[in-house]
Structure formats: C-alpha cells, structure tokens
Protein chains: 2
Amino acid sequence: MAATTALTASAFAQAESPLPPKVEADAKKLIEKALADDQGYRTVEELTTKVGARLAGSEAEARARDWAVDHLKSLGFKNVRIETFEIPYWAREKEAAAIVSPFPQELEITGLGGSVATPEGGVTGEVVRFETMTELKNYPEGDTLAGKIVFVDEPMVRTQDGSGYGVAVAKRSGAANEAGKRGAKAALIRSVGTDHHRFPHTGLMSYEKDVTKVPTAALSAPDSDQLARALEMSDGPVTVLFELSVQTREKAPSGNVIAEIPGRTDEIVLIGAHLDSWDLGTGAVDDGAGVGIVVGAGKLMLDKRKKPERTIRIVLFGSEEVGLLGAFEYARAHAAELDKHVMGAESDFGAGKIYQFQTRYGESQLDKAAAMARVLEPLGIARGDNMAGGGPDVIPLRIAGVPVTSLRQNGWDYFDLHHTPDDTLDKIDPDELAQNVAAYAAFTWMAANMPGPFREPPAEEAAPTEDVADGAQ
Amino acid sequence: MAATTALTASAFAQAESPLPPKVEADAKKLIEKALADDQGYRTVEELTTKVGARLAGSEAEARARDWAVDHLKSLGFKNVRIETFEIPYWAREKEAAAIVSPFPQELEITGLGGSVATPEGGVTGEVVRFETMTELKNYPEGDTLAGKIVFVDEPMVRTQDGSGYGVAVAKRSGAANEAGKRGAKAALIRSVGTDHHRFPHTGLMSYEKDVTKVPTAALSAPDSDQLARALEMSDGPVTVLFELSVQTREKAPSGNVIAEIPGRTDEIVLIGAHLDSWDLGTGAVDDGAGVGIVVGAGKLMLDKRKKPERTIRIVLFGSEEVGLLGAFEYARAHAAELDKHVMGAESDFGAGKIYQFQTRYGESQLDKAAAMARVLEPLGIARGDNMAGGGPDVIPLRIAGVPVTSLRQNGWDYFDLHHTPDDTLDKIDPDELAQNVAAYAAFTWMAANMPGPFREPPAEEAAPTEDVADGAQ
C-alpha cells in the first residue's frame, strides 16, 4: 500500500511540475556530484593564494583577471574574456591614530575607501562621541563641532541574514558628511562589524555634493571601547591624533571576466560573484568564496557534456567594493541583450551554508520557483519569499527587469571578517562551500533548462481581470 | 542520625585540620565578598585604559608604575614603593614582509623581542620551509642555507594548562640561532599561538653566544598557511622580503612596584603579577588580569581591618616579558630576607577560571595544602599535585627554596590572545576574574594566618628513620 501511494503522489507531482523530469534528475545528480567535489574550494584557494588581496583598479586586480581567464579556460569554459573599463582609483598609504592625552597610546584604525587624506602629520582634536548616527544627525549644524574629531560609536547588530549591515553602514558613509557639515576636523567610526577582535573594518564611503570633505577612518571594536572608556575616565578632554595618506588616480583599469557554457538559444542565465576585494585581507569570504561557488558550479555543469537550453554565463565582476562599478558597466555594455537575461544571481555573502531559496520572479511564474525549491530542499534550503535582492552586482539587472534569485547564506559570522585583514582562506569550511556549489549547480541547471519564462509576461499578452484593471488606476 | 554523623565528621575534621577555624571562616567570608566585588576588574580596566601597552623599559611602563603607586595607595595599602632597576631596551620600529615572487602580496609579521634589525630596505631571499624545529636542527650545519630565509611552520597544540607553550616556544628563540648556524639571511616562524586570526604573536628570543645574529619575526597563522600554500603551488622558488628596524638602548629604567598589608611578624606571603606587557595589545590578559587579581584580592583582605599574622606583600614585577628581569632583581634585592618568604604565588595566565590548586611545599607540610584545598573546593578548584611552578616571576624564589603555589587557570583560549594586538580588556570575563580574586584572597589569607611553616624543616631537626638513612646512600 505504501508503494502504491508513493507512486501516485510521484505521478501527481510530475504532472503538476513545470520542471521536466530529466532536468530534475540532472539537477539531483549535480547535487550529488557537488557534495563530493572540491573544485569550488580549490578555486578560492588558488585565487586567494596566487593573487591575495585585489583592490579595485590595482595591479593585483589585473592579475586576478589574468588568473581568472587562465583558470576558466583551463577548466573548459567557452567565450572566456575580459570586458575592461576604467574607474577612479583610491588606495590607502599610511594610516595611524593615537590618543594624545590624557592617556597616550596607539589606536588601531583603517581609512575608509574614498576618504580624503589628512594634512601631513595628521589632524589632532578633541574627541566628541556620539552613540548613534541619529544622535550626530540631530546635532545642530554650523560650526558646532569646529576643531573637533567626531566619533560615532554605534554598534552593529549580529543577524543571520546580514540585515544589521544596512543599519550600521549608514555611519560609514554618513559620519564624515555630518562631521563636515558641523566644522569638525575628521570623523572616526566604530567599525561596521560584529567581531570583538582588534581588526578595523574598511569599506566605501562617499561625500555628499558641496559638503566639506573631512578625512575618515574606522576603529576596531576594542579600540572603540577603549576610546569610549578613555572619555569616561578622563576628567578633561580626550585628544586624538589621526593621520591618513592616500593615493588616488582619476582613471585606473578594471574589468569583468566572463565565461560561458553556450546553450541552444540566445537566452542567458547569469550567475556571478565579484573578483575584486578590499586590500586588507585576501578576500576569501568577500568574495573569493563566491568566485569558488559559481566557478565550481559551472565546472560541474560543464562536466555533464550536455548543452543546456540557455547559455549559462558566469560573470566575475570587477570593482564591486567601490560602488558596484563592474555591475553597472556590465548592464551598460550588455544593454541590448538584457531582455535575453532570463535570470540573475550573485554569490557574495561568504561561504556559510545556504538556508533559503528566495526569488523575485513574475507572480505567475512562482510554480517554477516552487519546483526548484523542492529539488534544493534536501540541502537544508527552505523556500523563501519573492522579494529577493539577487546580490549586489545583479542590482542593475534587477532594475532592468531581470528575474533574480537569492540563495541566502548563513551570515552569522560574515561581518566578523568582512573588510578586515582576517578575511582569509582558513575561515572557509570546505563542506559548507560544497553545499553552496551544489545549490548553485542545481539551481542554475534548472533555470537554464526549464521551459518558459521567469518574468511576468508583458501586460498586453496577459488577460487582465477587472481586479487588476482596478488596481492600475 | 544524619545530623549526628555530620557533627561527628565536622568535629573530627576540625581536630585534624592545621587550619584554625577562625582563619577558615575568614577565608570563606573573603570568597563570598570577592564573588560580589569588582575591584579586580576595575583595576585591570584602569591599567589597560589609562596606560594601555607598557613595554619593558618604555616610558609607558614608567607610567604604569606611577599609576600603580597611586592606585595602591588610594586603596589603602601600606609601604607602597617602587624598586627601580635598569634593563637593556628593545623596541620595534618598522616591520614588514611580503612575498616578492611568484605571488606578490603582503604578509602580516611582527618582530621578535631582541631580534637584530635587517639592513635598511630589508633582506630578500628564497624561503625554505621546515615543518618542525627538530627538522631544522637536524639540517646539516655550515653554509647549507646560505642566502635563504628559514621558515619554521611548526604549529602549537592547544591545551588547558598551557603545556603546548613550552614545546612551541622553542622555535621562537631557536629558529634564528639555527638559521644563523647555516648561513641563512633571516628566520621566520609560525606564531607561537593557537588562534587562526591574522595576528602575529611577538615574544622574546635570544641569541646563543658566538652565533651569527640573523633577524627574526613571526607570521600570523593565516600568513603561515599562505606561505606554505605558496610554496606548494609554485613551480619555482618563493622569494620573500623581510624588513625590520628596531630601537635599542643599553640601559632603560624599569622597576617592581610593591605594596603591603603589614602582619604581626616579619614573615612574608608574596603574591604577584607583572606590570609590563608586550607592545602590541593593551596587556589585558597578559598580565593586566593578574594585576587585577592580586590587587583585588589584597583590597578585600585590607577591608577586613584585621592584621594578618604574616605580612602580605603584593609585587607587581617589571620587565617580566624580557626575561623575568624584575623577578631576578627582586630576588637579588631581597636576598637577605628570602628565608622570611614563607610562600610565593604569581597570577600570570590570563583571566580564565582557576580549576586546580597546585603546591610545592615540604612533603611533611601537605596537610596544610589539603586544608586550604578544602576551602577552595566550592569555587570549582580541585587539589593538584605538589609540583607547582608558582608562576614565572616566582621562579627565583622557588630556586631559593621558597614554597610556591599555582592557582592554575583555564588557559584554553589564552594563547589565542597572548602577545598579540588582540590582548584587550573585552577578552576578560568579569565573573571569571572574580573567581580568581576569590581564590587568591582566600588562599593568601590562609597562608598568612596558618600556624607553622610550608617548607620542609631543615634536615638536622628531623629525626631520620633507618629507611631514610638507607635511601641517602
């Protein structure tokens, strides 16, 4: 009886599913192979060892592109190429900070990407601490902080999905602008991070138009605590010296590296990661892991020796860390074929296990998402909602209407390492990485071989109900 | 029946115990008070915030002494004083390393205390990796490594009692000597530490007599892994650049800070910790914690407002990190009264909970150890053996025959932080620190008020049995 029931249920599921049985079977085989494969790990191992840190626009980023081309070609991908573009370049040179009085000692800081330099010898000023960005924003504008060094000590909340980042990152960009509006000499922030190690976290900042540009840097969490305690223990003002020198160039070379598994049609399923990293670590979790995951997944699909329906395109974006420059360049250069992009997904949140399959497809296409979710479920991946972001570098695609998928990773520890010297290969668990490769391989194969679109069909093709017509008013 | 049995057992125990009931009751009250007190934590908080790092012989170490004198006086200790001495001074200036070829990238290193500098601009050489110190020692001497940079990649074993340190530390001092004997240009070691963060661990090294002095530094664990992988992945030699500049002076001021709770007799119970730290962190676990523990314990005993039988002497040793210089100086300066030192104990293993009460008393005095152990037991402290070290700064006392006690702490995480920038206050758990204070207060009070010696009485006073006489042949 049990066998009969199972057969009936299976027959029913097959009848209902938009996923052809052969594609489903292939996806399941990919999962099985991926869990026993280490190409993903070996890829991030090579990238982070042979190149190491690869700052956007640097000579190291160029070496990373060359490495990627060789690597992708050697694995057997087709149409491997670099699409170059130019970016404004920023690199730190010297950076230092110290409490000058009343408790002289060095502080661990790192300059924020895009910051102007201090004058040579640094700036010295009395520290004014703000517990939150809101407190600083509410502080009266004008010369209210003239000669002072602003210190925004707002901590970041640890979350599995990284949602604490959005809140915390506001101070990374904002502190210098708000400091400038109030006549301050400089802005220091508590690092955007969740660890308690003595690593300051770097990351991009940007100046608002017409604001006085003041230099800015992040303190490690222990140094932020130390500065806060010094303020508490001191009877008088606490004075800090902050020095930052930077190298900038108007134009520096960057590029996106592209590799393909050509399909039978001109439709494209894009999976990506970013090749550049910040300069402090070796960019293992951000985003060497993503490179390993999409390349590892691609290699397993290549090894099937079966042409997919759609072309599978792997894009290793350049200059993500400095404002998604590679992503916007990709969307510009490929504007004419964006409507052929049926799906986009980027892996850019470390190497933690994927726990959720989140989509942003047309509402009428969600049976496809459900069918894919069922295949991914044995990996411990639950079906999420239909509000996916898709990853930073697919934002321009999403804006252009390309359906996107987020294979959401456990980011509990991600912001312990993010943008620090401690972002190194040893932080990656090969088994967790393999689970990611499995999910990407299965998902990508299904997306490339499942009939029909993921987008909502154009409105004129759909037969609108009265409700929809009403809603459109 | 149960009550009667308990009474009988209690009466029996009291009759047998060398610990007077009043002293035992006082010790138990001290434990109770200590667990609700935070003077220990506030002491290490102040030291690490107001002074921060305090390298032996530096101006910061001098500020630490001044702070300690003020702090100890303000708490009410008597005979607070500094006993000064001079030491040879060593401080790092610039330090940097990088893989030059074939995979150019920076490496995180830190110079080892006492190392000679490299020539300006650094030394560049091919890296030769040794898995263990033994492997290097077995390598033929002569010019067998001429022009090379030695890299000893031996990892350290994590243990609760720190016993992995003794093994691992051999490479810190030894690598440069063995490199020099073989004509190498420099020696790099995998840090003596148990973490996987990108912090190199510093620490003392010293040159053997007549050996060619080559500069030496430690790589962080991730950088050691990286260099090992680079060697594995490279088809040819891996070349590294290593630069270290140092500042040395023949003589610099250091000192021990002493404070007392005067007793009724001229006998002394000494508890200590060391005031200096390495330069990279703020010396919270090494050894701000110890300072907090002995000062916190002392303050609770002061607050009893009851003169102990013996004088309780707190010694905050200077220049421990550079060869126990304060400890040897103390033994030298107090040579005339060392026989009055009835007990020594140092807290210098972080802030982890004490799990064992280990002694080195005369064999005939072990009933006293057993009595003290029973009082400490409710703190989760078990009786250990009679082979205690007592702590690094009491080694000269132990050599001079002073009985010593080790209140052994859980050091599972200690070598994650030891001698790194990450040795900061946030790594101390105030509750665990309070347990240490409780144990030190109770132990010290018992040692100061328990009648009779802890040493073995001189041989001529003991009546030897025939067995002993036989054994002496």
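# Terms and values

Trainee: Why is A:Glu95 called partly exposed?
Mentor: The relative accessibility of A:Glu95 is 23%. Buried needs a value under 20% and exposed one over 50%, so A:Glu95, at 23%, counts as partly exposed. Keep in mind that this is a predicted model.

Trainee: A:Arg92 forms a salt bridge with A:Glu95. Is A:Arg92 buried or exposed?
Mentor: A:Arg92 counts as buried, because its relative accessibility of 13% is under the 20% limit.

Trainee: What makes the pair of A:Arg92 and A:Glu95 a salt bridge?
Mentor: The closest N and O atoms of the two residues are 2.9 Å apart. The rule asks for a side-chain nitrogen of Lys or Arg within 4 Å of a carboxyl oxygen of Asp or Glu, so this pair of an Arg and a Glu meets it. Over all chains, the count by this rule comes to 70 salt bridges.

Trainee: Why do A:Asp413 and A:Arg158 count as a salt bridge?
Mentor: Their N to O distance is 3.6 Å, and the cut-off is 4 Å, so the pair qualifies.

Trainee: What makes A:Asp413 and A:Arg158 a link between distant parts of the chain?
Mentor: They are 255 residues apart. A:Asp413 sits in the loop between β14 (404–409) and α13 (414–417) of chain A, whereas A:Arg158 sits in the loop between β5 (149–152) and α6 (163–168). With relative accessibilities of 45% for A:Asp413 and 28% for A:Arg158, both fall between 20% and 50%, so each is partly exposed.

Trainee: How are B:Glu329 and B:Arg332 placed relative to one another?
Mentor: Both lie in helix α9 (residues 325–333) of chain B, 3 residues apart, which is about one turn of the helix. Their side chains meet in a salt bridge, at 2.8 Å from N to O. B:Glu329 has a relative accessible area of 17% and is therefore buried; B:Arg332, at 57%, is over the 50% limit and counts as exposed.

Trainee: Which residues of chain A are linked in a network of salt bridges?
Mentor: The network consists of A:Arg81, A:Glu83, A:Glu260, A:Arg313 and A:Glu337.

Trainee: Turning to the rings, why is the pair of B:Tyr414 and B:Phe415 called edge-to-face?
Mentor: A pair of aromatic rings is described by the distance of the centres and the angle of the planes. For B:Tyr414 and B:Phe415, the centres are 5.0 Å apart and the planes make 80 degrees. The first value is within 6.5 Å and the second is over 60 degrees, so the rings pair and count as edge-to-face. B:Tyr414 and B:Phe415 are buried. In chain A, A:Tyr165, A:Phe349, A:Tyr414 and A:Phe415 form one aromatic cluster.

Trainee: Where does A:Lys304 lie with respect to A:Trp445?
Mentor: A:Lys304 lies over the face of A:Trp445, 5.7 Å from the ring centre. B:Lys368 lies over the face of B:Phe454, at 6.0 Å.

Trainee: How do you know that the chains are related by a two-fold axis?
Mentor: A turn of 180 degrees, with a shift of 0.0 Å along the axis, lays chain B on chain A with an RMSD of 0.0 Å. That is the relation of a two-fold axis.

Trainee: Why do you say the copies meet through the same surface?
Mentor: Because 100% of the interface residues of chain B are also interface residues in chain A. In the interface, 31 residues of chain B are in contact with 31 residues of chain A. About 2,400 Å² is buried between the chains, 56% of it on carbon and sulfur atoms. On the chain B side, B:Thr49, B:Arg198 and B:Met233 lose the most area, together 24% of what that side buries. The salt-bridge rule finds 0 pairs across this interface.

Trainee: What makes the backbone at A:Arg305 and A:Leu324 worth a remark?
Mentor: Most residues other than glycine have a negative phi, and most peptide bonds are trans. Phi is near 55 degrees in A:Arg305 and near 55 degrees in A:Leu324, a positive value in each case. A:Arg305, in the loop between α9 (284–302) and β10 (311–317) of chain A, has 78% relative accessibility and so counts as exposed. A:Leu324, in the loop between β10 and α10 (325–333), has 15% and so counts as buried.

Trainee: Which peptide bond ending at A:Pro102 is cis?
Mentor: The bond from A:Ser101 to A:Pro102, with omega near 5 degrees. A:Pro102 is in the loop between β1 (78–101) and β2 (105–107) of chain A. In chain B, a cis bond joins B:Asp286 and B:Asp287, with omega about 5 degrees; B:Asp287 is in helix α8 (residues 284–302).

How values were computed:
Residues numbered from 1 in each chain as written. Chains lettered and ligands numbered in written order. Heavy atoms only, no water. Least-squares fit on C-alpha atoms with pLDDT ≥ 70 in both. Contact = heavy atoms within 4.5 Å. Buried < 20%, exposed > 50% of the residue type's maximum accessible area, 1.4 Å probe, protein only. Helix = DSSP H or I, 4+ residues; strand = E, 2+ residues; numbered from the N terminus. Phe/Tyr/Trp six-rings, centres within 6.5 Å; stacked < 30°, edge-to-face > 60°. Lys NZ or Arg CZ within 6 Å of the ring centre and 35° of its normal. Buried area = accessible area lost by both parts, 1.4 Å probe.
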